[in-house]
Amino acid sequence: MENKPLYFYHIVDRDADLSVGLLSLKYMYDHKMFVEFDEYADKYRERIVSSWQIEKYHKRTSESLTREEIIDALRLFRGENGPSYIYFFRYPLYDGLGKKIENLLKVKDIYQIDINDKKTREKIKEIFYGYDMSNSDNEPLHKEYYEQVSEQEYFSKYDDDLPMNFSTLNHISIAFVDDYCPRALLKKYDD
């Protein structure tokens, strides 16, 4: 199975600068890319103070969190590589999933990566395969799940009407050696 391609997909703003590749929050922080950091990290603020149940941030407001505290919370909640993770779906999103996705794909491109590729594996520090439906109370997933799941089954629990509509899509988290996914490992996906 190791030599057979195993593709995963990431959505990217159509006008994004991918000259380096896909950047993690840790990379943005370490390289003082604070505008990008703040934009990307915004989605974590409310989760850190409310739903993640991190004791030291529980009584804080989402607006009061510093960049350092966001990095710290990601480490506490997702492990040492939490701030370095870049997330990938097993199958590419497509218009038929609903209006949100249809609108999203008007402004985003899809890129694929083959995690079984030798050059890709050399750049990966860790892959976390996640939990079913992105809920840590559910069963942990493994590489075998992603190798075997059909596209139809993968998208069967997707609900376009949920506020966090991606929460029901299982995904992997990859920490790369230098905290970014090099552009050379990515291929633009054209359906």
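A cavity here is a set of grid points where a 1.4 Å probe fits but cannot get out, and its lining residues have an atom within 4 Å of a point. With that in hand, let's look at this predicted model, starting with its enclosed space and moving on to its rings.

**The cavity**

The structure holds 1 cavity of 30 Å³ or more, and the volume of the largest cavity is about 40 Å³. Which residues line the largest cavity? The lining is made up of Leu 25, Tyr 40, Tyr 44, Leu 74, Arg 78, Gly 82, Pro 83, Tyr 85 and Tyr 87. At least two of the lining residues come from each of helix H2 (34–51), helix H3 (67–78) and strand S3 (85–89). By class, the lining divides into 7 nonpolar residues, 1 polar and 1 charged. Gly counts as polar and Arg as charged, and both Gly 82 and Arg 78 appear in the lining.

**Aromatic pairs**

There are 16 aromatic pairs in the structure. Two of them are worth a visit, so here they are side by side, with rings counted as edge-to-face when their planes are over 60 degrees apart.

| Pair | Centre distance | Plane angle | Geometry |
|---|---|---|---|
| Tyr 27 and Tyr 180 | 5.3 Å | 65° | edge-to-face |
| Tyr 29 and Phe 37 | 5.9 Å | 55° | tilted |

Tyr 27 belongs to helix H1 (residues 25–30) and Tyr 180 to strand S7 (residues 180–182), so this pair ties together parts that lie 153 residues apart in sequence. Are these two rings buried or exposed? Tyr 27 is buried, at a relative accessible area of 12%, while Tyr 180 is partly exposed, at 21%. The cut-off for buried is under 20%, so Tyr 180, with its 21%, falls in the partly exposed class.

In the tilted pair, Tyr 29 is partly exposed, with a relative accessible area of 22%. Its partner Phe 37 counts as buried, at 0% relative accessibility.

Elsewhere, ring pairs join Phe 8, Tyr 129, Tyr 145 and Tyr 146 into a cluster.

**Charges over rings**

Some of these residues also meet a charged side chain. Phe 8, a member of that cluster, has Arg 90 over its face, 5.6 Å from the ring centre. Tyr 40, one of the cavity-lining residues, has the charged end of Lys 43 sitting over its ring, 4.1 Å from the centre.

Methods. Residues numbered from 1 in each chain as written. Predicted model: local features only at pLDDT ≥ 70, side-chain atom pairs only at ≥ 80, totals over all residues. Heavy atoms only, no water. Phe/Tyr/Trp six-rings, centres within 6.5 Å; stacked < 30°, edge-to-face > 60°. Helix = DSSP H or I, 4+ residues; strand = E, 2+ residues; numbered from the N terminus. Buried < 20%, exposed > 50% of the residue type's maximum accessible area, 1.4 Å probe, protein only. Lys NZ or Arg CZ within 6 Å of the ring centre and 35° of its normal. 1 Å grid on protein atoms, 1.4 Å probe; cavity = no way out; pocket = protein on both sides within 12 Å on 5 of 7 lines; lining within 4 Å. Points joined across faces, edges and corners; volume = space filled by probe spheres on them.
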